[in-house]
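Q: I'm new to this one and would like a close look at a single part of it. Could you pick one strand, walk me through its surroundings, and then move outward from there?

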Amino acid sequence: MQKKYSWYSLLKAGLGNQEWDQAIPLVKPKSKYDVIIIGGGGHGLATAYYLAKECGITNVAVLEKGYIGGGNTGRNTTIIRSNYLRDEASSLYEHSMRLWEGLSEDLNFNVMFSQRGVYNLGHTLQDMRDIERRVNANVLNGVDAVVVDHKEIKEQIPIINTSKNARYPIMGASFQARAGVARHDGVAWGFARAASNLGVDIIQNCEVIDIEVEEGKVKGVKTTLGDIMADRVGCVSAGHSSVVAKMAGLRLPVESHPLQAFVSEAMKPILHTVVMSNAVHGYVSQSDKGDLVIGAGIDGYNSYAQRGSAKIVEHCAAAILELFPIFSRVRMNRQWGGIVDVCPDACPVISPTKVEGLYFNCGWGTGGFKATPGSGNVFAHTIAQDKQHELAVPFHIDRFTSGALIDEHGAAGVAH
Amino acid sequence: MFLIVCPYCKESRDQNEFSPAGEAFIARPQNPEELSDDEWSDYVFYRTNHKGDHWEQWVHTNGCRKYFLVKRSTISHEILEVAAFGEVTSENPS
C-alpha cells in the first residue's frame, strides 16, 4: 500500500503508467478491538482517525454496513460554514472549520476544500434583523461574518434576481468568506485512508445486528461477519441511530426523515459561491465539475427509504428559480435522498449513554457534513477519555431531561 | 409520494393534501405531578423512530382538517392501514 502521496509518487505512477495502489486495504475483522465505531461515514471515519492520531488508540475498527462514502457522506450538498448563532454551536462548528482549513495536508489527501464563501439571504426586515444579530454573535465568537446589502450581492453575483418585484425580494445577506464546499466522498476516502495508515481497520459490508450489553456495560457487537468484542463502542450511524440504539435497549430523542438534493448537467462556471435562503428554502452552489448542486428540505414524515416527496423537490426548484431565473432551462441530471436523524433542537448529541462504554454521536440532522472533522475530533476525545470533550459538553443527551436545549433550529440562518 | 385514504372523507387523495403529525399513541401523562424528569423527557422528546411498520398521525390539512391514524412502512412508504382515533389504540394496535 502506498503510504504517502507526493509530487514524486504522482510523477512516478503517471510516467510509468502503472496502476495506483489500493488506498484502503480490505481487511477481515479481528475478534477484539479497543474501540469499535459503528458507521463508516465521514463522522465515524474522522472519529477513528482522531482516536489513532490524537488519542493514541490505534486498535480500532470502523464497521460499515455498505461501502465507504455510500451513505449521507456521499449524498449531501457539501456546504461548510460555521456561522451559527449560539455559542455552543458556533464553537463546535468553528472548531470543525479550523480543522477543514488544514485537512488536505493533514490527511495527505486532497479533499478539495474550497473557501468560496456562503451567502445566507434575508428577504424580510425580520430576516435582516436576525442576520445582523447572528453576524454580531459570530464576530464576538471569532467567526468571520459580515452583513451585505442587496446591491453588494448583485455586484458579486450578477445572475441573482434582486428585483424589488420578486415574490420574496432579497434585502441583504450574511456572508462568511471562509465558508465553502469540499469534495464529500473525497473526505470519506481521505479519512479512511489516513486512519487506515495509522492502523485502524476499516471493514466494509459488515452490518452490526446486535450490541452485547452485560450488567450495564457494553461487551461487543454481533455483525454479519461474526462477533467482535470491545469495551468501548461509538455509534455514528446518522439516520439509523435509533435502530442501533434499540440494539442496546436505548431510545433517542431523534426522528429520521428523508432529505433530498439534486444536481444539474455540468455547465461552464456561472456561480462562484454558495447561496442559501432560509425563507424560500433552497441552497445552491456549483461543483468544480460544473453541475449545480441544489439542496431541498426534509419531508415531515419519518422514513428510512432514502427518497422523499416530489412536492419538496418542486418547492425547492421554485425557490431556486425565484433567486436565479437564468436557471429555468437547466436540466437536472440526478435526484436522490438521504436519511437524516433530526433532534428536537436541531443540534447533535455527542454523548455517553446509560450503558457504560457506549457512546452516541447522532442527531446532526440536515447539517452534519460541515462538522465532519470537528465532530470526529471531539467524539474521539470523548470516547478515549470516557469524558466529554469540552466542546461536546453542551451536547450531552441529558439536555433533553435538564431542559438546557440549544435553540439553534431557527437561528442558524439555514434551511432546516 | 403516496395516496392516503382519509377515514372521514373516505376518499383516496394525494399526500400533498395531508400533513404528517408525528408518532401515534403518545398520550399526555395523566399524573403530571408525579412524573420524574426522565419520564417527562421521554414523553416530550424521545420517540420510537421505528424502522418498519409504524403507527403515526396525519391531518387532512386541505380537506376535512381532522386528525387520524395511519400505519405506514417507513421502509417502503406503503400505507397498510388507516383509522380514526379510537378505532385502534396503543394497547390494541393491529
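A: Here is a walk that starts at one strand of chain A, moves through its neighbours, and ends at the contact with chain B.

One thing to keep in mind throughout is that this is a predicted model.

Let's begin with strand S4 of chain A, which covers residues 118-122. Is it buried or exposed? To count as buried, a residue has to have under 20% relative accessible area. In S4(A), 5 of the 5 residues pass that test, so the strand is largely enclosed by the rest of the structure.

It helps to look at the strand one side at a time. In a regular strand, the side chains alternate between the two faces of the sheet. For S4(A), Val118(A), Asn120(A) and Gly122(A) lie on one side, and Tyr119(A) and Leu121(A) lie on the other. Every one of these residues is buried, so to speak, from either direction: both faces of S4(A) are covered.

Now, which strands does S4(A) pair with? One partner is strand S6 of chain A, residues 172-176. These two run antiparallel and are joined by 5 bridges. If you'd like a spot to zoom in on, try Tyr119(A), whose bridge partner in S6(A) is Phe175(A).

Another partner is strand S14 of chain A, residues 274-277. Here the pairing with S4(A) is in the parallel sense, over 4 bridges. For a landmark, find Leu121(A), which stands opposite Ser277(A) in S14(A). So to speak, Tyr119(A) leads you to S6(A), while Leu121(A) leads you to S14(A).

While you're at S14(A), have a look at Met276(A), which has its place in that strand. Met276(A) counts as buried because its relative accessibility is 3%. You can also use Met276(A) to see how the fold brings distant parts of the sequence into one picture: Ala179(A) is 97 residues away in sequence, yet the C-alpha atoms of the two are 12 Å apart in space.

From here, hop along to strand S15 of chain A, residues 282-286, where you'll find Ser285(A). Ser285(A) also counts as buried, because its relative accessibility is 3%. What does Ser285(A) touch, leaving aside residues up to four places away in sequence? The list is Val181(A), Leu271(A), Thr273(A), Val274(A), Asp291(A), Leu292(A) and Val293(A). Val274(A) links back to our tour, as S14(A) covers residues 274-277.

For a contrast with those buried spots, try two loop residues. Most residues other than glycine have a negative phi. Glu215(A) isn't a glycine, but its phi is positive, at about 50°. Glu215(A) sits in the loop between strands S9 and S10 of chain A, and it is exposed, with a relative accessible area of 83%. Ala238(A), also not a glycine, has a positive phi of about 45°. Its loop runs between strand S12 and helix H8 of chain A, and at 28% relative accessibility Ala238(A) counts as partly exposed.

H8(A) takes us to the other chain. Chain B has 1 helix and 6 strands, in the order β-β-β-α-β-β-β along the sequence. Its C-alpha atoms fill a box of roughly 45 × 25 × 25 Å, and 38% of its 94 residues are buried.

How do the chains meet? In all, 28 residues of chain A are in contact with 25 residues of chain B. Together the two chains bury about 2,300 Å², with carbon and sulfur atoms giving 49% of that area. On the chain A side, Arg251(A), Tyr301(A) and Tyr304(A) supply 28% of the buried area, more than any other three residues.

Arg251(A) deserves a second look, as it forms a salt bridge with Asp42(B), and the closest N and O atoms are 3.0 Å apart. The count of salt bridges between the chains is 1, and 14 residue pairs are in polar contact. Helices H8, H9 and H11 and strand S13 of chain A each give two or more residues to the side that touches chain B. Of these, H8(A) gives the largest share, 3 residues. Sorted by kind, the chain A residues on that side come out as 12 nonpolar, 8 polar and 8 charged.

Note on methods. Residues numbered from 1 in each chain as written. Chains lettered and ligands numbered in written order. Predicted model: local features only at pLDDT ≥ 70, side-chain atom pairs only at ≥ 80, totals over all residues. Heavy atoms only, no water. Buried < 20%, exposed > 50% of the residue type's maximum accessible area, 1.4 Å probe, protein only. Pairing = 2+ DSSP bridges. Contact = heavy atoms within 4.5 Å. Buried area = accessible area lost by both parts, 1.4 Å probe. Salt bridge = Lys/Arg side-chain N within 4 Å of Asp/Glu carboxyl O. Polar contact = N/O pair within 3.5 Å; in protein donor to acceptor, adjacent residues only side chain to side chain. Nonpolar A, V, L, I, M, F, W, Y, C, P; charged D, E, K, R; others polar.
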